[in-house]
Structures are given as structure tokens and as C-alpha cells.
Amino acid sequence: MSQTVRLVSSKTIIPRLGYGTGTKWFSRDKSKPIDTNLLQSIHEALSVGYRHIDAAEMYGTDTSIGEALRTQAIPRNELFITSKVYKNIENIEQACLDVLSRLGMDYLDLWLIHGPFFDRNKTSLEHAWKEMEKLVENGKVKAIGVSNFQKQHLEELLALKPKIKPAVNQFELHPYVYEASRELIDYCKSNEIAVASYSPLGSICYKPGGPVDEVIEKLATKYNRSPAQILLKWNLIKGDIIITTSSKRERLEDFLKVLDENFQLNCEDVKAIDDAGAKLHFRKYWTEHIDGKKQDS
């Protein structure tokens, strides 16, 4: 399995595994300029081979990411930096410039609309996307895409006949949301939109003891792999790109081994995970917007 994917609409090359700076690192304390734990963890991730860092304006981690990248030796052109806009979507250009300033960078490799659920009375999707396209045209962004868009949102966007189609749709993907995401995944692939998944380990992290666990444990034993590797490999079979995170070097190294071409899951393995996942629906993020109700914990 290739370690990178070529994004169709932009010809940009994106590493399949990205190091996420949300979830675990999410900060509401904007007065804390540097998170030394995140800084050290990014250094660790880069040292074991990660080259894709996933960020967002709402995570509150840009300053820490910028410091981490400034204090390491990998050239900028060997890194892939993703960020997202949502809170300041009414002024996308300024939001991007602010992110770049906090990161200490001249451009982003990928810039996503973090969700389609913003107030359309203040900003239309058409206006927002045109502003995204302008950032590509002026060189501030290499590629643009979306996050948490469902099929109807992508249909709405593509109906606008955009000059630049979204290169990526990043959304929550693990066995407990796969059944609800099948149509979305198929739609993305039929329109050459790369599928990037976050919370790929959600089934074991958020719902331990659920119906998927037994299948994952059996496959981990069968292939002499960790449960995380089984889930990540399943995720790559369903999509193209994975965003995950850890502060532990051994886990980061473990995650990267999922790209080993000698490690594969067969059709029966994948179906067993699919079938087990279909027994429970659990979405951790944006639940009210997507499922129309609060998710039970």
C-alpha cells in the first residue's frame, strides 16, 4: 500500500497517515501559548516518520504546532500541513492568514471547511467556497476540501459547478459509523474526493466492550498485529487517509506499520468487521448535526 495519495483536483501528494492535533490536544485555554506536551509529541511523531500534521483553528493548538515545526529540522516542502476553518468562516481569507501567522508559515498544503453547519444567513456555501478557491489562486493554499460534509452537502457544493472541486472530505469513520457512511464513501469515491477519516480507533476508544472487540481481537491474533493496526488497516481499505494521534512513541510506530504491504486483510476479515460494526451505531462528534440527536455516552 502506497504511503501517499494523489489528490485528484489539485495533483497534491498527501501522506496517508496524519498526526492529529485535535481531540487529545484540544484546548479551550487560548491564553496558554505553548503546550509543551503537544510540542514534544509532534517532535516524536516527526522523528518516527510522520510528515502530515492535521490542525484546525478551533483546536487552539496552532501556536504549539508552529513552535514544534520551527524547532525541528525537516524542510517545509517535506511536510504536509492541513488546517480547517469554521469559527471564522465569514472571513475565510483572514482566518487563513491568522492560521498561517500562528503556524509561522507562508502556505497550507490543505485547507478545509470544518463543517457545513454554519449559519447560511451570514455566509452562503457558494460564497465560502469561492473564498476557498481564491486562496488557491493566490498561493496561500495548495489544495482545498471539506470536513464532516454528508452526501447532501457535497451534492449542494458540486451543484454550484465550482472551479475547483473539493479534494478531500474528512469525517469520523470507524466500524460503528460505517453502515451510516457507506453511501457517503461511495459518493466521495465516484466524484474523486479522497476520504480522510478521523477517530479511526473510535470503536475501541469510545465503546470498549462493543460487538467489534471480539472480531478485532481474533484478527489481531490471526495476523500477529495489534488491535489498533487491524482497525487502521480496515480504515484504509474503506478510505484513503487516516488522522490519528498518540503521545507515546511506541504507539506512533505501531500505527505506521499499517502501511506494510505484507500486511493485508482479506474480504472475509473486512466483512466480519463490517457486520460487527453494524450491530451498534455510535458517533462521537457532530452527532446532533448529522444524526439529529445527542449521542448517548
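Lys161 lies in the loop between α5 (151-158) and β8 (168-172); here helices (H or I, at least four residues) and strands (E, at least two) are DSSP runs, numbered from the N terminus. Its backbone deserves a look, since Lys161 has a positive phi of about 55 degrees without being a glycine. With a relative accessibility of 70%, Lys161 counts as exposed; that word stands for over 50% relative accessible area, buried for under 20%, and partly exposed for what falls in between (1.4 Å probe, protein chains only). Please keep in mind that this is a predicted model, in which local features need pLDDT of at least 70 and side-chain atom pairs count only at pLDDT 80 or more, while totals for chains, interfaces and linings use all residues. Residues are numbered from 1 along each chain as its sequence is written, and side-chain values use heavy atoms, with hydrogens and water left out.

Another loop residue invites a similar look. Glu192, in the loop between α6 (175-190) and β9, is not a glycine either, yet has a positive phi of about 60 degrees. Glu192 is partly exposed, at 48% relative accessibility.

Let us move on to the sheet. Eight strands close into a barrel, and if you trace them you will meet the order β3-β4-β5-β6-β7-β8-β9-β10, with parallel pairing. Direction ignored, neighbouring strands of this sheet are turned by 30 degrees against each other on average. Two strands pair if DSSP finds at least two bridges between them. As background, strands of a sheet pair through backbone hydrogen bonds, either parallel or antiparallel.

Strand β10 (residues 241-244) is a good place to pause. Which way do its side chains point? Ile241 and Ile243 point one way from β10, Ile242 and Thr244 point the other way, and all are buried. Strand β3 (residues 17-20) runs parallel to β10 and is joined to it by three bridges, with Leu17 opposite Ile242. Strand β9 (residues 194-198) also pairs with β10 in the parallel sense, over three bridges, and here Ala196 stands opposite Ile241.

Elsewhere in the barrel, strand β4 (residues 52-54) and strand β5 (residues 80-85) form a parallel pair over three bridges. His52 stands opposite Phe80 in β5. Helix α4 (residues 125-137) packs on the sheet, where it touches β5, β6 (108-113) and β7 (141-147), and its direction makes about 155 degrees with that of β7. Contact here means heavy atoms within 4.5 Å.

Now for a pair of helices. The axes of helix α1 (residues 36-48) and helix α2 (residues 62-70) come within 9 Å and cross at roughly 45 degrees. Such axes are lines fitted to C-alpha atoms, for helices over the stretch in contact, and angles run from 0 to 180 degrees between N-to-C directions. That angle makes α1 oblique to α2, given that angles under 35 degrees count as roughly parallel, over 145 as roughly antiparallel, 65 to 115 as roughly perpendicular and the rest as oblique. On the α1 side the contact is made by Leu38, Leu39, Ile42, His43 and Leu46, and on the α2 side by Ser64, Ile65, Glu67, Ala68 and Leu69.

Finally, let us turn to charged side chains. Side chains of opposite charge can pair when their charged atoms come close. A search of the whole structure finds 19 salt bridges, each being a side-chain nitrogen of Lys or Arg within 4 Å of a carboxyl oxygen of Asp or Glu. One of them joins Arg225 and Asp260 (3.1 Å, N to O). This pair links distant parts of the chain, 35 residues apart: Arg225 sits in the loop between α8 (212-223) and α9 (227-238), and Asp260 in the loop between α10 (249-256) and α11 (267-277). Asp260 is partly exposed, with a relative accessible area of 29%.

Lys238 and Asp274 also meet in a salt bridge (3.0 Å, N to O). They too link distant parts of the chain, with Lys238 in helix α9 and Asp274 in helix α11, 36 residues apart. Lys238 counts as buried at 10% relative accessibility, and Asp274 is buried at 10% as well.

Within α11, Asp275 and Lys271 form a salt bridge (2.7 Å, N to O). Because they are four residues apart in this helix, about one helical turn separates Asp275 and Lys271. To round off the tour, Glu44, Arg249 and Glu253 are linked in a network of salt bridges.
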